[in-house]
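The exercises below are meant to be worked through with the structure open beside the text. Each one sets a task and then gives a solution in steps.

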Amino acid sequence: MNLEHYKEVWQSEASDVRITFDTEKIEKAVRQSQTAFQDMIFWRDVREVGVSLLMIPLWIVLGVTLKMPWSWYLTVPACLWIAGFMLVDRRLHPKGSSDAGEPLVFYARKSLADVEHQIWLLRNVFWWYLLPFSISLLAFFVHVGWDTTGHWIGAILVGGVMGTIVYKMYQAVDRLNQKAVVEQLEPRRDRITRLIAHLESDTESDRDEMLYLAEEIAQSATDGSPGSRHQSDGGAFNWNRVIPTWWEVAYVYVPTILAGVCVWLIAIPPHIGPVFLGTTFFQSTIAAVIAFEVTLFRLIYLSHRRQKESPPTDLVPVRPKTPALFVLLLVVVMPILALLALRSFISIRGPSLEDISAFSDSDVEHLDDWLIRLSESSYPSLGTVVVRDGEVIYQSVTGFADKESGRVASADTPYHVASVTKVFMATLAVILDEQGLVGLDEPVVKYLPAGVQLSTTPAKGRLITLRQLASHTS
């Protein structure tokens, strides 16, 4: 026998071979994958809607308890929008039946439609999810900045700083969503699209690849790809990869605690620095939050870079382990501390005195508390009175007239006038000017008593006027 004979025999036997595959097995794999994917989307929507609805009463209670301004409540309609959007979306895209009985291509097309819709949602997550919260929070920060400083520059400054923090946080959220699209949803869509193409062509040349795609789809129902609830990260964000050991916990906790404690010890008291520096609690909390964000985002960046340079091959549990839970605890606690610090930031301002006669009882109590804190931290005693049209509309006395004896200050406690005499003298000069007895723009030497002279070095000293003296411009 020569070589040609062997070739003819091989071709004859090969022509009798028929590729067979279990259609029922492929159909079952596709249905399982679709069911798992739909379950994952369903529970995600339940979680998002539940959190949004739970935030509404919590936000209102915090606003009332902390006496937040009206812009605080703009987040309530944002939560309602998110919950309503997801409920309507669920209504328009209900979960389809995955029971047997339909052609295999039916389940494949249904899976493709589900994946394409999720890709659209995540690609546009900024517009329907992040933007409403961004608008409400930015409006609140600008409002607080305006109320605190009373100027548009302060509003822009506070709104810009806090808005930048919110932007960075939402940018990270958006990146995670886009990463999920690229690494999970788009490959799933491409796999299903190829399977549909092979099912519709149904040629023998495509069946090897169709078997391969069927195995991939079957595997996607049991691995870490979207639709699975098993113990694998599947390339998705995983806290156990970011915080694998207690060293990472220490890396986050130590700088956070040190920053808060150090600023607490050296914080600028409110009565010394500008108002926007806030109380000691506000300053230390901001320092702790900044340290926490810097260290945490550095760990996330390093974890992402490691996975990119050397893709992980081991399976890591999705459920956070103890080290990751300790860091997640800070993720929950830090926003709460930030809200309390923000409340402290607002409360140190004290009410505006522009219309004190319109103050409510709580406003008067707030002003009293502010004066008491000021007296305890800076002055032995403070006597405050506001008179309008000859009528006393507010009066308060705090502190001690004599600390050593413990004698409490009262409205009748005398004080050294000191530099307040300058105000009296300027007022008297204006009154005498109106009566024509003196001229504010006349040289002072004109009114000096005999024997009192101004220095003639420099010679311009003889030209100093009463107005210049009263306004400290001489």
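**Exercise 1. Find which residues of the largest nonpolar core touch the most other members, and which elements supply that core.**

Keep in mind throughout that this is a predicted model. Begin with the core as a set: the largest nonpolar core holds 24 residues, and those touching the most other members are W72, M86, W128, F133, L137, F140 and Y170. Next, ask which elements give two or more residues to this core, and the list reads α2 (23–65), α3 (75–92), α5 (125–149) and α6 (152–201). Of these, α5 makes the greatest contribution, with 8 residues. Then look at a single member, Y170, and set aside its neighbours within four places in sequence; the residues that remain in contact with Y170 are L130, F133, S134 and L137. Finally, notice that there is also a second, separate core, made of 14 residues, with V242, V252, L330 and M334 among them.

**Exercise 2. Work out the order of the strands in the sheet and identify its edge strands.**

First count the elements of the whole chain, which has 14 helices and 3 strands. The sheet is an open one formed by 3 strands in the order β1-β2-β3, and their pairing is antiparallel. As background, strands of a sheet pair through backbone hydrogen bonds, either parallel or antiparallel. To find the edges, look for strands that pair on one side only, which leads to β1 (381–388) and β3 (407–408). Strand β2, covering residues 391–402, pairs with β3 over 2 bridges in the antiparallel sense. As a last step, locate D402 and look across to β3, where R407 stands opposite.

**Exercise 3. Describe the largest cavity by its volume and its lining.**

Start from the search of the whole structure, which finds 3 cavities of 30 Å³ or more. The largest cavity has a volume of about 130 Å³. It is lined by 13 residues, and those closest to its centre are I41, R90, H93, D114 and Q118. Sorting the lining by class gives 4 nonpolar, 4 polar and 5 charged residues. To see where the lining comes from, turn to the helices: α2, α3 and α4 (104–123) each supply at least two of its residues.

**Exercise 4. Decide whether A418 and H472, which have a positive phi without being glycines, are buried or exposed.**

Take A418 first: its phi is about 55 degrees, and its place is in the loop between β3 and α13 (420–434). The cut-off for exposed is over 50% relative accessible area, and A418, at 57%, is therefore exposed. Now repeat the steps for H472, whose phi is about 60 degrees and whose place is in the segment after α14 (466–470). With a relative accessible area of 60%, H472 is likewise exposed.

**Exercise 5. Place I165 in the structure, and compare its separation from E293 in sequence with that in space.**

The first step is to find I165 in helix α6. Its relative accessibility is 30%, so I165 counts as partly exposed. From there, go to E293: the two residues lie 128 residues apart in sequence, while the distance in space is 9.8 Å from C-alpha to C-alpha. For the wider setting, consider contacts in the chain between residues at least 6 apart in sequence, of which 67% join residues at least 24 apart. Buried residues make up 34% of the 474 residues in the chain.

Terms used. Residues are numbered from 1 along each chain as its sequence is written. This is a predicted model: local features need pLDDT of at least 70, side-chain atom pairs count only at pLDDT 80 or more; totals for chains, interfaces and linings use all residues. Side-chain values use heavy atoms; hydrogens and water are left out. A nonpolar core is a set of buried Ala, Val, Leu, Ile, Met, Phe, Trp, Tyr and Cys residues joined through side-chain atoms within 4.5 Å. Buried means under 20% relative accessible area, exposed over 50%, partly exposed in between (1.4 Å probe, protein chains only). Helices (H or I, at least four residues) and strands (E, at least two) are DSSP runs, numbered from the N terminus. Contact means heavy atoms within 4.5 Å. Two strands pair if DSSP finds at least two bridges between them. On a 1 Å grid over the protein atoms alone, a cavity is a set of points where a 1.4 Å probe fits but cannot get out, and a pocket is an open set with protein on both sides within 12 Å along at least five of seven lines; lining residues have an atom within 4 Å of a point. Grid points are joined across faces, edges and corners, and a volume is the space filled by probe spheres set on the points. Ala, Val, Leu, Ile, Met, Phe, Trp, Tyr, Cys and Pro count as nonpolar, Asp, Glu, Lys and Arg as charged, and the others, Gly among them, as polar.
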